[in-house]
Amino acid sequence: MLEVSKYQLGEDRIPKSWYNIMADIPPPPPVLHPGTGQPIGPDALAPLFPMALIMQEVSAERAIEIPDPVRDVYRMWRPTPLHRARRLEKKLGTNARIFYKYEGVSPPGSHKPNTAVAQAFYNSREGVKKLATETGAGQWGSSLAFAGALFGIHVDVFMVRVSYDQKPYRRALMETYGARCVASPSNETEAGRAILAKHPDHPGSLGIAISEAVEVAAKRDDTKYALGSVLNHVLLHQTVVGQEAMKQCEMAGDYPDIIIGCAGGGSNFAGISFPFLGAQLRGGQRARVIAVEPAACPSLTRGEYAYDFGDTAHLTPLVKMYTLGSSFTPPGFHAGGLRYHGMAPLVSHLKNLGLIEARAVTQLRCFEAGVQFARTEGIVPAPESTHAITVAIEEAVRAREEGRSRVILFNLSGHGHFDMQAYTDYFAGKLEDQHYDEADLAEALAALPGVPA
Ligand SMILES: Cc1ncc(COP(=O)(O)O)c(C=O)c1O
């Protein structure tokens, strides 16, 4: 019998709506104004985001229609394939059936355009001509640059300094799409200048880059801000991933026992898992859902569930999330997209409700898993995605040891074609497991903002 290696859907099966998990869970804690400690309303976000996205941010409607112009662009690469990792399974000698949803087939190479295209569309519909944003690994910056090119929006990207230095070709890709890319911390903002004055060689962090982009958007009438993860509307847009995966698992005649995603701000993890979790919450089959984070920036496994700022300069409202503290600067490891001090409020809420698990893995273990994956399945994964692969392999090996058959589904959030320097360093023995400083973490947690009860 033919062994199917990938499950593909026709373009007509691209979901017609995004799935909003807010409809199926108790409401998460409100977003607060840092000055008053009171919940903020949609108007407070209007200087930064178009109203359509703000309304999605606060919506509890289960299905939110995907506008036709967005689905038209999705058709360039969606539906993405669901692969069965047969060669990896054989190599591991496991009875587990491993499936991965491959988001690296998008033009910029990851899941990020699923929301970049939607955000660019809503901004352009409300007349916005410029967007400011941050990027860690460069996947988000290049995705918004791509979406900006399609919808006639100029994009300014603040790229975390370590990634800016590690990945010159991600920068070149953003410029090819027409965006401007600046290393963060930069001299272009007050937030950046204040940090450079104290630490001229600061490696940057997503928290700092967010501050710079928010500052630019807040100060300029012609510019709005776009965030590549964390916020409810971003997670919402990523649910096309899980909705397609559900249909593809059905084609394969399997339902996952375990669903895995790497988690930086939480968006690709939410994208693959929320539609399955929603089905479970409405009485359907159960699956274990695991978010995988780097041991050097472990917000879900070492952070506190507390109100905190989303950025380092404290320009954002307060959100309740698992956080390492907004002043925490993670070491400069290669999975730049996972170097964020917090976690999406919705993912944090689910963790707090006990609906998902979290695991932290080390850099060297991840590169080992990434190389094993490349040598069996052929795809060179982004360093971020290797975190999901690591736990998928661990679970498949455990299934082998326990003599069980398991269905494992993970999100392969992006390819690593612009990350080859990291692989080169790994082969040269130059990579190490970096550890955050416990004293820094304690200091950052001690500085969490107090919130009136
Ligand atoms: C390929 C890839 N995977 C995962 C992530 C992490 O982001 P998120 O947790 O929002 O999916 C990034 C972020 O840049 C990324 O580029």
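The side chain of Thr-135 reaches the backbone nitrogen of Gly-141 at 2.9 Å, a polar contact in the sense of N or O atoms paired within 3.5 Å, where within protein one must be able to donate a hydrogen and the other to accept it, and residues adjacent in sequence count only if both atoms are side-chain atoms. The model is predicted, with local features requiring pLDDT of at least 70 and side-chain atom pairs pLDDT 80 or more, while totals for chains, interfaces and linings use all residues. Residues are numbered from 1 along each chain as its sequence is written, and side-chain values use heavy atoms, without hydrogens and water.

Thr-135 lies in strand 6; strands (E, at least two residues) and helices (H or I, at least four) are DSSP runs numbered from the N terminus. Thr-135 is buried, with a relative accessible area of 1% (buried, under 20%; exposed, over 50%; partly exposed in between; 1.4 Å probe, protein chains only). Beyond its neighbours within four places in sequence, Thr-135 is in contact (heavy atoms within 4.5 Å) with residues including Trp-140, Gly-141, Phe-158, Met-174 and Leu-206.

Strand 6 belongs to an open sheet of four strands, ordered 8-7-6-9 with parallel pairing; pairing requires at least two DSSP bridges between two strands. Strand 8 (180–184) and strand 9 (223–225) are the edge strands, each paired on one side only. The average turn between neighbouring strands of this sheet is 25 degrees, direction ignored. Strand 6 (residues 130–135) and strand 7 (residues 154–160) are joined by six bridges, and Glu-134 has Phe-158 as its bridge partner in strand 7. Helix 5 (residues 139–151) lies across strands 6 and 7, at about 160 degrees to strand 6 (axes are lines fitted to C-alpha atoms, for helices over the stretch in contact; angles run from 0 to 180 degrees between N-to-C directions). Helix 7 (residues 168–176) lies across strand 6, strand 7 and strand 8, at about 170 degrees to strand 7.

A seven-stranded open sheet has the order 1-4-5-15-10-11-14 and mixed pairing. Strand 4 (residues 82–84) pairs with strand 5 (residues 97–102) in the antiparallel sense over three bridges.

The largest nonpolar core has 69 residues, and Val-117 is among those with the most contacts inside it; such a core comprises buried Ala, Val, Leu, Ile, Met, Phe, Trp, Tyr and Cys residues joined through side-chain atoms within 4.5 Å. A second, separate core of 41 residues includes Leu-92 and Val-397.
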